[in-house]
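Visitor: I'd like to learn how to read a model like this one, feature by feature. Could you walk me through it?

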Amino acid sequence: FGRLDDEAIHTYAYVWPVDMFDTTHTAFDVESVAAVSTRLRELIMKIENSNLHRSDDGSDRGDIIVLTSHADVLQIMQLYACGAENVGTFSSYRFGNGEVRLMGRSVDILP
């Protein structure tokens with residue numbers, strides 16, 4: 001979380017409003033929402049292109065892949081994956097502790 005890492009939770013309020021209007025900002029040396037989205041896309045493509053979820057005959061086994069991370073990263077991933085108009089609004093879709101969500105391909109899946 002850049003220079004705000006290890007600070008009180010209320011410091012998120014310095015960054016989240018800016019994220020909503022500028023997904024490329026790096027104020028307080030944070031990683032931008034756009035950079036997180038790019039990193040997540042690369043991860044998903046790496047998983048998809050691997051053979052981890054394929055049968056010996058090359059067919060997709062339909063495995064369920066569970067990703068765990070800090071809530072902000074998961075929220076950004078969910079909005080990016082579902083094609084949300086503004087991924088910077090991720091803080092409007094907070095996860096509860098231990099909450100599990102489907103990462104769907106439509107904004108209809110958003111809580």
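**Reading the fold**

Guide: Going from the N terminus, the elements of the chain run α-α-α. Keep in mind that this is a predicted model.

Visitor: How many helices and strands does the secondary structure come to?

Guide: Three helices and zero strands. As for extent, the C-alpha atoms of the chain fill a box of roughly 50 × 25 × 25 Å along the principal axes.

Visitor: And how much of the chain is buried?

Guide: The chain has 111 residues, and 32% of them count as buried. You can also ask how far along the sequence the contacts reach. Taking contacts between residues at least 6 apart in sequence, 43% join residues at least 24 apart.

Visitor: Let's do helix packing. At what angle do the axes of helix 2 and helix 3 cross?

Guide: The idea is to look at both the distance and the crossing angle of the axes. Here helix 2 (residues 33-49) and helix 3 (residues 71-82) have axes that come within 10 Å and cross at roughly 75°. An angle from 65 to 115 degrees counts as roughly perpendicular, so helix 2 is roughly perpendicular to helix 3.

Visitor: Which residues make the contact?

Guide: From helix 2 it's V33, V36, S37, L40, R41 and I44, and from helix 3 it's V73, I76, M77 and Y80. Sorted by class, the contact of helix 2 with helix 3 has eight nonpolar residues, one polar and one charged.

Visitor: Could we zoom in on residues of that contact? What is V36 in contact with, leaving aside its neighbours within four places in sequence?

Guide: V36 is in contact with E31, V73 and I76 on that count. Now try S37, which sits in helix 2.

Visitor: Is S37 buried or exposed?

Guide: Buried means under 20% relative accessible area, and S37 has 7%, so it counts as buried. Leaving aside neighbours within four places in sequence, S37 is in contact with I76, Y80 and V87.

Visitor: What's the general idea behind looking for a nonpolar core?

Guide: In soluble globular proteins, nonpolar side chains tend to be buried together. In this chain the largest nonpolar core has 14 residues, and V33, V36, L40, I76, L79, V87 and F90 touch the most other members.

Visitor: Which elements give two or more residues to this core?

Guide: Helix 1, helix 2 and helix 3 do. The largest share, five residues, comes from helix 3.

Visitor: Next, aromatics. How many aromatic pairs does the structure hold?

Guide: Two. For each pair, check the distance between ring centres and the angle between the planes. One of them is Y12 with W16, at 5.1 Å centre to centre and 85° between the planes, which is edge-to-face.

Visitor: Why are Y12 and W16 separated by about one helical turn?

Guide: Because they are four residues apart in helix 1. Both Y12 and W16 are buried, too.

Visitor: What about the residue just ahead of that helix? Where does T11 lie?

Guide: T11 lies in the segment before helix 1 (12-21). With a relative accessibility of 5%, T11 counts as buried. Not counting residues up to four places away in sequence, T11 touches F1 and L4.

Visitor: I also scan backbone torsions. Which value does phi of D6 take?

Guide: Near 70°, a positive value in a residue other than glycine. When you spot one of these, look up its place in the chain and its accessibility. D6 lies in the segment before helix 1 and is exposed, with a relative accessible area of 75%.

Visitor: And where is D29 found?

Guide: In the loop between helix 1 and helix 2. D29 isn't a glycine either, yet its phi is positive, at about 65°. Its relative accessibility is 52%; exposed means over 50%, so D29 counts as exposed.

Visitor: Last one, towards the other end. Is N97 buried or exposed?

Guide: N97 is exposed, with a relative accessible area of 86%. N97 lies in the segment after helix 3. Sequence distance and spatial distance are worth reading together here: N97 and A71 are 26 residues apart along the chain, and their C-alpha atoms are separated by 8.9 Å.

Key
Residues are numbered from 1 along each chain as its sequence is written. This is a predicted model: local features need pLDDT of at least 70, side-chain atom pairs count only at pLDDT 80 or more; totals for chains, interfaces and linings use all residues. Side-chain values use heavy atoms; hydrogens and water are left out. Buried means under 20% relative accessible area, exposed over 50%, partly exposed in between (1.4 Å probe, protein chains only). Contact means heavy atoms within 4.5 Å. Axes are lines fitted to C-alpha atoms, for helices over the stretch in contact, and angles run from 0 to 180 degrees between N-to-C directions. Angles under 35 degrees count as roughly parallel, over 145 as roughly antiparallel, 65 to 115 as roughly perpendicular and the rest as oblique. Ala, Val, Leu, Ile, Met, Phe, Trp, Tyr, Cys and Pro count as nonpolar, Asp, Glu, Lys and Arg as charged, and the others, Gly among them, as polar. A nonpolar core is a set of buried Ala, Val, Leu, Ile, Met, Phe, Trp, Tyr and Cys residues joined through side-chain atoms within 4.5 Å. Rings of Phe, Tyr and Trp (its six-membered ring) pair if their centres lie within 6.5 Å; planes under 30 degrees apart count as stacked, over 60 as edge-to-face and the rest as tilted.
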